[in-house]
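Colleague: I'd love a close look at a single part of this model, a buried spot in a loop. Please take me through its surroundings and then set it against the rest of the protein.

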Amino acid sequence: MWVQCYTVSNKICQSGAKGVRRMKNSLVDSKVPTYVAVYNSLYSDIRNGVYAPNESLPGELALAEKYGVSRNTLRQALAILSEDGLITRSQGKETIVAAPR
């Protein structure tokens with residue numbers, strides 16, 4: 001079964017309903033996949049200046065623990081942020097907040 005939802009950037013996302021879990025800090029609606037709630041939280045943190053441009057984001061493990069999700073769930077959210085141009089990721093290195101356009 002697939003769940004369809006909209007992210008902040010109005011992109012359509014799909015996720016297997018099997019992977020939907022509730023986050024510790026209750027950022028998620030029961031009908032929204034967990035990675036979308038993580039995406040929304042990171043998106044707002046970046047837009048509100050919590051993470052400055054050209055600043056490194058915390059590591060995957062730290063972010064996964066912060067949101068109470070698995071690394072795979074976190075990676076889904078980071079992939080969408082990268083597609084939206086908000087972060088720059090490189091294998092084996094840090095994830096950096098992209099400069100505003």
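Modeller: Happy to! Let's begin with Thr95, which touches Glu55, Ser56, Leu57, Ile87, Thr88 and Arg89 once residues up to four places away in sequence are set aside. Please keep in mind that this is a predicted model. Thr95 sits in the loop between strand 3 (87-88) and strand 4 (96-97). Among its partners, Ile87 and Thr88 carry the numbers of strand 3 (87-88). Glu55, Ser56 and Leu57 are also on the contact list.

Is Thr95 buried or exposed, then? Its relative accessible area is 14%, and buried means under 20%, so Thr95 counts as buried.

Another threonine makes a useful companion case. Thr73 belongs to helix 3 (residues 71-83), whereas Thr95 lies in a loop. Thr73 has a relative accessible area of 9%, so this residue is buried too. Leaving out residues up to four places away in sequence, Thr73 touches Thr34 and Tyr35. Helix 1 covers residues 34-47, and both of those partners carry numbers in that range. Thr73 and Pro33 are separated by 40 residues in sequence, while their C-alpha atoms are 9.2 Å apart in space.

Now for the wider setting. From the N terminus, the elements follow the order β-β-α-α-α-β-β, which amounts to three helices and four strands. The protein has 101 residues, and 38% of them count as buried. Taking the contacts with a separation of 6 or more, 46% join residues 24 or more positions apart. On the outside, the protein exposes about 6200 Å², with carbon and sulfur atoms supplying 49% of that area.

Since you may have ligands in mind as a computational chemist, here is the largest pocket as well. The space in this pocket comes to about 170 Å³. Its lining consists of 13 residues, and those nearest the centre are Ile46, Arg47, Leu86, Ala98 and Pro100. Which element gives the most to that lining? Helix 1 (residues 34-47) does, with three residues. By character, the lining of the largest pocket splits into nine nonpolar residues, one polar and three charged.

To come back to where we started: Thr95 is a buried residue in the loop between strand 3 and strand 4, and Arg89 and Glu55 are among the residues it touches.

Notes:
Residues are numbered from 1 along each chain as its sequence is written. This is a predicted model: local features need pLDDT of at least 70, side-chain atom pairs count only at pLDDT 80 or more; totals for chains, interfaces and linings use all residues. Side-chain values use heavy atoms; hydrogens and water are left out. On a 1 Å grid over the protein atoms alone, a cavity is a set of points where a 1.4 Å probe fits but cannot get out, and a pocket is an open set with protein on both sides within 12 Å along at least five of seven lines; lining residues have an atom within 4 Å of a point. Grid points are joined across faces, edges and corners, and a volume is the space filled by probe spheres set on the points. Helices (H or I, at least four residues) and strands (E, at least two) are DSSP runs, numbered from the N terminus. Ala, Val, Leu, Ile, Met, Phe, Trp, Tyr, Cys and Pro count as nonpolar, Asp, Glu, Lys and Arg as charged, and the others, Gly among them, as polar. Buried means under 20% relative accessible area, exposed over 50%, partly exposed in between (1.4 Å probe, protein chains only). Contact means heavy atoms within 4.5 Å. Accessible areas come from the Shrake-Rupley method with a 1.4 Å probe; for residues, only the protein chains shown count as cover.
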